[in-house]
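User: Please take a close look at one part of this model, the open sheet, and describe how its strands are arranged and what packs on them. Then say what can be said about the main pocket.

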Amino acid sequence: MEHKTVEIISQEKLTEDIMSLWISWEPDEAVIPGQFINVYLKDPSRMLPRPISICDVTDKGLRMVYRITGAATGTKELSGYKPKEKLRITGPVGRGYPVEELKNSENVVLMGGGIGIPPMLYLAKSLGGRCKAVLGYRDSSTFLKEEFDALGCRVLLSSDDGSVGVHGTVLDAIAADNTDCGVICACGPKPMLRGIKDYASSRDIKAYISLEERMACGVGACLGCVTKTQKTDDHSRVKNARVCVDGPVFLAGEVAL
């Protein structure tokens with residue numbers, strides 16, 4: 001996979017710790033919802049790339065929405081980059097959601113928790129808004145919610161502190177709404193995905209989940225981001241899969257959480 005040098009178009013705060021970053025992108029470069037970009041920082045002490053999910057792609061460029069994870073982190077450095085600065089990346093990387101299959105499915109429900117919400121926006125857009133979006137937040141900072149509304153999605157909310165929507169998880173939100181789920185697509189923290197996997201399995205619902213793991217190379221070479229699977233991987237010859245290239249999107253039944 002080749003490195004690319006792109007230009008930062010814009011960067012803005014959506015909340016105190018959530019940033020929206022647009023970079024230049026060639027319109028003919030295909031991007032599948034659920035894929036991500038490896039971003040290389042300028043500080044030479046931070047050699048490893050930061051994997052950031054893709055939130056949107058337009059004629060304007062490619063958008064990434066990410067969380068600043070601390071005062072002395074790579075994402076903090078990235079948040080200080082300005083328009084017209086150059087950025088070194090690789091991508092898009094990984095296996096995304098099966099968009100064509102989902103277009104032919106009924107009652108598609110997207111579930112995003114926290115920083116797992118941004119990739120759901122590009123998936124909702126790719127489905128023409130023909131889906132329900134269940135978004136889980138920490139508090140009342142409902143970043144990107146209005147953009148789901150603008151796509152025509154029916155949006156349900158949950159929050160950890162009860163300030164918006166249902167007080168609880170995305171699963172609590174669909175229970176309160178009595179949502180009929182035909183297919184679930186989800187991205188978020190592992191406890192949320194574990195709950196969705198159990199929920200889908202108990203109701204015989206097909207569920208696609210996007211996993212997060214710490215990645216070193218981000219291109220499938222180092223085996224630093226493996227996850228346990230139900231079948232033997234052709235690359236490692238054991239019951240593992242590399243989240244960066246074999247995923248990050250998996251059928252929930254394929255992986256052990």
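Analyst: Two strands count as paired if DSSP finds at least two bridges between them. The model is predicted. On that criterion, there is an open sheet of 7 strands, in the order β10-β9-β8-β7-β11-β12-β15 and with mixed pairing. Its edge strands are β10 (166-167) and β15 (249-251), each of which pairs on one side only.

Within the sheet, β7 (residues 108-113) and β11 (residues 183-187) run parallel and are joined by 5 bridges. One residue pair can be named here: V108 has V183 in β11 as its bridge partner.

Two helices can be placed against these strands. Helix α3 (residues 117-126) lies across β7, β8 and β11, and it runs at about 155° to β7. Helix α5 packs on the sheet as well, touching β7, β8, β9 and β10, and its direction makes about 125° with that of β9.

Some of these elements return in the largest pocket, which holds about 1200 Å³ of space. The pocket is lined by 43 residues, and P51, T69, I115, E212 and E213 lie nearest its centre. Elements that give two or more residues to this lining include the strands β8 (132-137) and β9 (154-159) and the helix α5 (170-177); β4 (50-57), β5 (62-67), α1 (74-79) and α6 (190-202) do so too. The largest share, 4 residues, comes from β4. By class, the lining has 19 nonpolar, 17 polar and 7 charged residues.

Notes. Residues numbered from 1 in each chain as written. Predicted model: local features only at pLDDT ≥ 70, side-chain atom pairs only at ≥ 80, totals over all residues. Heavy atoms only, no water. 1 Å grid on protein atoms, 1.4 Å probe; cavity = no way out; pocket = protein on both sides within 12 Å on 5 of 7 lines; lining within 4 Å. Points joined across faces, edges and corners; volume = space filled by probe spheres on them. Nonpolar A, V, L, I, M, F, W, Y, C, P; charged D, E, K, R; others polar. Contact = heavy atoms within 4.5 Å. Axes fitted to C-alpha atoms, helices over the stretch in contact; angles between N-to-C directions.
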